[in-house]
Amino acid sequence: SLATGTSTAEFNLAYEEDRRRQLEMAWRRTKEEEKEDAALRKELKQVEAAMAKMRRKGRHLAAVPPPEKPQPIPTAVPTAPAAPAVAAPPGEGDGLPYLQSARLAMPVPAGVDAAAANPGAA
């Protein structure tokens with residue numbers, strides 16, 4: 001209506017504040033921002049025209065790879081081979097390092113005092 005006060009629509013304060021904020025931003029834009037916006041719109045128009053041309057020629061379908069056949073869902077979970085109970089000394093076995101952790105101590109040969117052979121282990 002023409003400001004006669006007979007409108008049945010309620011005043012939406014949040015909408016009005018948002019509208020005014022956007023209007024203020026539009027008024028405060030610099031020439032550089034307006035040029036950038038115009039360049040972006042021009043580029044968008046060119047991209048959309050190229051996409052429409054590709055659709056008309058059917059090329060947009062060629063760019064999309066055909067759907068893959070669905071892979072069967074495995075019924076059993078593959079398991080890793082069991083690790084050996086004791087790692088073999090270097091040069092033997094499957095190539096694993098002899099000591100699997102820095103916390104392990106070197107084995108003590110028979111007849112040697114364990115405390116003297118591994119002073120750091122206690």
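**Charged surface patches and helix α2**

Lys-53, Arg-56, Lys-57 and Arg-59 form a positive patch on the surface of this predicted model. The largest share of the patch, three residues, is contributed by helix α2. One of the residues in the patch, Arg-56, is located in α2. The relative accessible area of Arg-56 is 66%, and this residue is therefore classed as exposed, the threshold for that class being over 50%.

A patch of negative charge is also found on the surface, where Glu-32, Glu-33, Glu-34 and Glu-36 gather. Within this group, Glu-33 belongs to helix α2. Glu-33 has a relative accessibility of 40% and is therefore counted as partly exposed, a class that lies between the limits of 20% and 50%.

Helix α2 itself comprises 27 residues, spanning positions 31-57. The distance from its first C-alpha to its last is 39 Å, close to the 39 Å expected at 1.5 Å a residue. Just after the helix, Gly-58 adopts a positive phi of about 80°.

With regard to the overall architecture, the protein chain contains four helices and zero strands, and its elements follow the order α-α-α-α from the N terminus on. The chain has 122 residues, of which 2% count as buried. Its accessible surface amounts to about 12,000 Å², and carbon and sulfur atoms account for 60% of this area.

Note on methods. Residues numbered from 1 in each chain as written. Predicted model: local features only at pLDDT ≥ 70, side-chain atom pairs only at ≥ 80, totals over all residues. Heavy atoms only, no water. Helix = DSSP H or I, 4+ residues; strand = E, 2+ residues; numbered from the N terminus. Expected span 1.5 Å × (residues − 1). Patch = residues over 30% accessible without salt bridge, like charges linked within 9 Å, V, L, I, M, F, W, Y side chains within 5 Å. Areas by Shrake-Rupley, 256 points an atom, 1.4 Å probe, with all protein chains shown as cover. Salt bridge = Lys/Arg side-chain N within 4 Å of Asp/Glu carboxyl O. Lys, Arg positive; Asp, Glu negative; His and termini not counted. Charge placed at Lys NZ, Arg CZ, Asp CG, Glu CD. Buried < 20%, exposed > 50% of the residue type's maximum accessible area, 1.4 Å probe, protein only.
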